[in-house]
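Biologist: Please take a close look at a single part of this model, the ligand site. Then place that part in the rest of the chain.

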Amino acid sequence: MKPTNDVVARLSGAVKRYGNLTALDGVDLVLHRGELLAVLGPNGAGKSTSISLLLGLIRPDGGRAELFGLDPQQIDARRRIGVMLQSAMLPLTLRVGELLRLVASYYPNPRPLIESAKLAGIGDLLQRPYGKLSGGQQRRVQFALALCGRPEIVFLDEPTVGMDIDARQKLWAAMLALVADGCSVVLTTHYLEEAESLAQRVVVLGKGRVLSEGSVDALRAQVPLTRIRCVTDLDPAVIATWPQVASVEHDGSHMRISTSAAENVLRRMLEADASLRELEVQRAGLAEAFTELTREENAVEQEAA
Ligand SMILES: Nc1ncnc2c1ncn2[C@@H]1O[C@H](COP(=O)(O)OP(=O)(O)OP(=O)(O)O)[C@@H](O)[C@H]1O
């Protein structure tokens with residue numbers, strides 16, 4: 001357990017309503033110094049709302065939001081954070097180097113421009129007007145702007161959307177470099193492999209509530225599933241009705257089955273299909289855990305309705 005003075009950001013019982021819609025319904029969330037926290041959840045779960053509360057862009061209707069123990073709207077708190085939101089309104093005619101210099105000037109102890117550019121992999125873009133860059137290049141510039149002030153916390157709201165694989169991997173490496181340097185990172189993403197390989201801790205939101213919270217391993221352990229992948233002539237709709245089969249999907253020519261009883265399911269499949277081939281059996285990852293957690297939430301809702 002980390003000491004509580006290690007907490008750099010916190011939501012306590014945060015409630016946010018938009019008319020009749022409760023976007024956040026009592027969310028508790030803490031961020032420790034030097035950790036990468038992934039905030040996951042399906043569309044509309046409340047991820048962006050949670051981040052907006054921590055950034056002081058919106059105010060809670062109940063509960064509290066704190067940055068470094070301060071109100072997030074205080075300038076002393078804001079000077080210690082960097083932000084990359086889903087939509088960035090930046091002046092299109094400014095060159096990337098000019099943008100970086102401008103944003104860095106808001107901070108008391110910014111990184112040297114070259115260091116920020118190197119971390120974000122935009123050293124070759126500094127002379128280019130921002131508006132002339134590709135979508136993926138603009139995202140990298142936005143990342144550079146988020147880290148150029150040497151912030152203690154960086155908030156990244158779906159940062160890798162629109163990036164190719166190479167750019168995404170570079171951004172991952174840069175996030176890890178920030179964390180190694182003692183910076184805390186809050187990352188929202190729909191790419192679960194991103195959370196799986198980067199995050200020390202994961203919070204799963206669903207319909208404005210925290211469904212689960214813990215390390216990636218702890219989350220996986222909550223849903224002890226195994227993934228079976230193979231080529232088979234068996235009918236997926238039939239396999240889906242077998243006991244303890246959580247899901248059956250097609251993956252090209254392969255079938256992918258998630259189950260909590262891998263041995264039983266495999267035995268049954270091998271008995272029923274002598275031509276079953278290209279078999280792989282693997283412990284389920286965060287994706288399956290996430291699907292199960294959010295599915296349980298939906299089922300509870302449907303029962304209650
Ligand atoms: N300004 C607003 N006015 C009205 N409703 C809003 C507003 N902002 C968010 N909401 C609603 O609050 C809920 C939570 O939205 P939020 O953007 O936090 O979800 P999210 O988890 O970030 O989703 P996504 O993955 O789609 O980005 C949604 O139902 C959304 O429609």
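Modeller: One cut-off comes first: a residue is buried if 20 or more other C-beta atoms lie within 10 Å of its own, exposed if 12 or fewer, and partly exposed in between. Keep in mind that this is a predicted model.

Start with the shell. Tyr18, Leu21 and Ala23 are among the residues around the ligand. Gly41 belongs to the shell as well, and so does the run Asn43, Gly44, Ala45, Gly46, Lys47, Ser48 and Thr49. By type, the shell has six polar residues, four nonpolar and one charged. Two elements, β2 (21–32) and α1 (47–54), each provide at least two of these residues. α1 is the top contributor, with three.

Now follow α1. Seven of its eight residues are buried, so the helix is mostly covered. Lys47 and Thr49, both part of the ligand shell, are on that buried list. Ser50, Ile51, Ser52, Leu53 and Leu54 complete it. Just past the helix, Gly56 has a positive phi of about 75°.

Next, a residue from far along the sequence. Gly208 lies in the loop between β8 (201–206) and β9 (209–214). Its C-alpha atom is 5.4 Å from that of Ala45, although 163 residues separate the two along the chain. Setting aside neighbours within four places in sequence, Gly208 contacts Thr22, Ala23, Leu24, Asp25 and Gly46. Of these, Ala23 and Gly46 also surround the ligand. Gly208 counts as buried because it has 22 C-beta neighbours inside 10 Å.

The residue before it reads otherwise. Lys207 sits in the β8–β9 loop too, but Lys207 is partly exposed because 19 other C-beta atoms lie within 10 Å. The phi of Lys207 is near 50°, positive in a residue other than glycine. Most residues other than glycine have a negative phi. Glu158 also has a positive phi near 50°. Glu158 is in the loop between β6 (153–157) and α6 (165–180). With 18 other C-beta atoms within 10 Å, Glu158 is therefore partly exposed.

α1 also leads into the interior. Ile51, one of its buried residues, is in contact with Val186. Val186 further touches Leu31, Leu37, Val39, Ile153, Phe155 and Leu156, again leaving aside neighbours within four places in sequence. In the largest nonpolar core, of 69 residues, Ala144, Phe155 and Val186 touch the most other members. Helix α5 (135–147) gives the most to this core, six residues. A second, separate core has eight residues, including Val245, Met255, Ala262 and Val265. In soluble globular proteins, nonpolar side chains tend to be buried together.

Last, the whole chain. Domain 1 covers 4–220 and domain 2 covers 225–283. Their C-alpha centres are 39 Å apart. An unreviewed UniProt entry annotates residues 9–232 as "domain: ABC transporter". That span is 32% helix and 29% strand, with its end C-alpha atoms 50 Å apart. The chain as a whole has eleven helices and 13 strands. Its C-alpha trace spans about 70 × 45 × 40 Å along the principal axes. Of its 305 residues, 37% count as buried. Among contacts between residues at least 6 apart in sequence, 69% join residues at least 24 apart.

Technical notes. Residues numbered from 1 in each chain as written. Predicted model: local features only at pLDDT ≥ 70, side-chain atom pairs only at ≥ 80, totals over all residues. Near = placed C-beta within 6 Å. Helix = DSSP H or I, 4+ residues; strand = E, 2+ residues; numbered from the N terminus. Nonpolar A, V, L, I, M, F, W, Y, C, P; charged D, E, K, R; others polar. UniProt positions renumbered as here; feature names shortened; annotations may be inferred. Contact = placed C-beta atoms within 7 Å. Domains from an automatic or database assignment. Core = buried A, V, L, I, M, F, W, Y, C linked by C-beta atoms within 7 Å.
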